[in-house]
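User: Please go through the salt bridges and the sheet of this model with me, one question at a time.
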Amino acid sequence: MIERKCISQILRTHGARPDLRLFRNNTGQAWTGDSVRMRAGDALIRNARPLHAGLCVGSPDLVGWRAVTITPEMVGAQIAQFTGIEVKTGRQRPTRAQRQFLDTLQRFGGFALVVREGDDLAAVLDGTGPLS
């Protein structure tokens, strides 16, 4: 399965969970400014400036939060825990920047995970699978 399809499957499968909210985090750069339409479908951008999308280099494919119930000594309140999920397929591995982002997120108390398919995520969220 290609990564894009795996991400779509995860969003469809887990989008209805009451304890989880995930959003696609596309990263990249485009150009914005005043556009002028040209012939043959071309466009000219005047006063061009770069537009950076996504969180940062290395940020995961999916970001969001999951509900976590705090222990009784913390009044039993429920909080939203920042969640970052990097999706890989086949033999793909996280880049160094992606691994650093996930490691930092986990170190600061967030939920960070690399998954290969939607069932991996379900198992971890349901407490039946290992964190990777």
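**Salt bridges and sheet**

K88 is buried, with a relative accessible area of 7%. The model is a predicted one.

User: Which residue meets K88 in a salt bridge?
Analyst: A salt bridge needs a side-chain nitrogen of Lys or Arg within 4 Å of a carboxyl oxygen of Asp or Glu. For K88 the N to O distance is 3.4 Å. The partner counts as buried, at 1% relative accessibility. The residue that meets K88 is E86.

User: How many salt bridges does the structure hold?
Analyst: The pair of K88 and E86 is one salt bridge, and R24 with D61 forms a salt bridge too. R17 and D19 also form a salt bridge. The number held by the structure is four.

User: Is R17 buried or exposed?
Analyst: R17 forms a salt bridge with D19, with the closest N and O atoms 2.9 Å apart. D19 has a relative accessible area of 28% and is therefore partly exposed. Buried means under 20% relative accessible area. R17 has a relative accessibility of 16%, so R17 counts as buried.

User: How many residues apart in sequence are the parts that R24 and D61 tie together?
Analyst: The side chains of R24 and D61 meet at 3.6 Å, N to O. R24 lies in strand β1 (residues 20-24), and D61 lies in the loop between β3 (43-53) and β4 (62-69), so the parts tied together are apart in sequence by 37 residues.

User: Which residue of the pair R24 and D61 is buried?
Analyst: R24 has a relative accessibility of 38% and counts as partly exposed. Buried means under 20% relative accessible area. At 8% relative accessibility, the buried residue is D61.

User: Which strands stand at the edges of the open sheet?
Analyst: The open sheet has four strands in the order β1-β4-β5-β6, and their pairing is mixed. An edge strand here has a single partner, so one of its sides is left without a neighbour in the sheet. On average, neighbouring strands of this sheet are turned by 25° against each other, direction ignored. The strands at the edges are β1 and β6 (111-115).

User: What is the bridge partner of L22 in β4?
Analyst: β1 pairs with β4 over five bridges, in the antiparallel sense. In β4, the bridge partner of L22 is G64.

User: At about what angle does helix α1 run to β1?
Analyst: Helix α1 covers residues 3-14. The helix lies across β1, β4, β5 (78-87) and β6. Its angle to β1 is about 150°.

Technical notes:
Residues numbered from 1 in each chain as written. Predicted model: local features only at pLDDT ≥ 70, side-chain atom pairs only at ≥ 80, totals over all residues. Heavy atoms only, no water. Buried < 20%, exposed > 50% of the residue type's maximum accessible area, 1.4 Å probe, protein only. Helix = DSSP H or I, 4+ residues; strand = E, 2+ residues; numbered from the N terminus. Pairing = 2+ DSSP bridges. Axes fitted to C-alpha atoms, helices over the stretch in contact; angles between N-to-C directions. Contact = heavy atoms within 4.5 Å.
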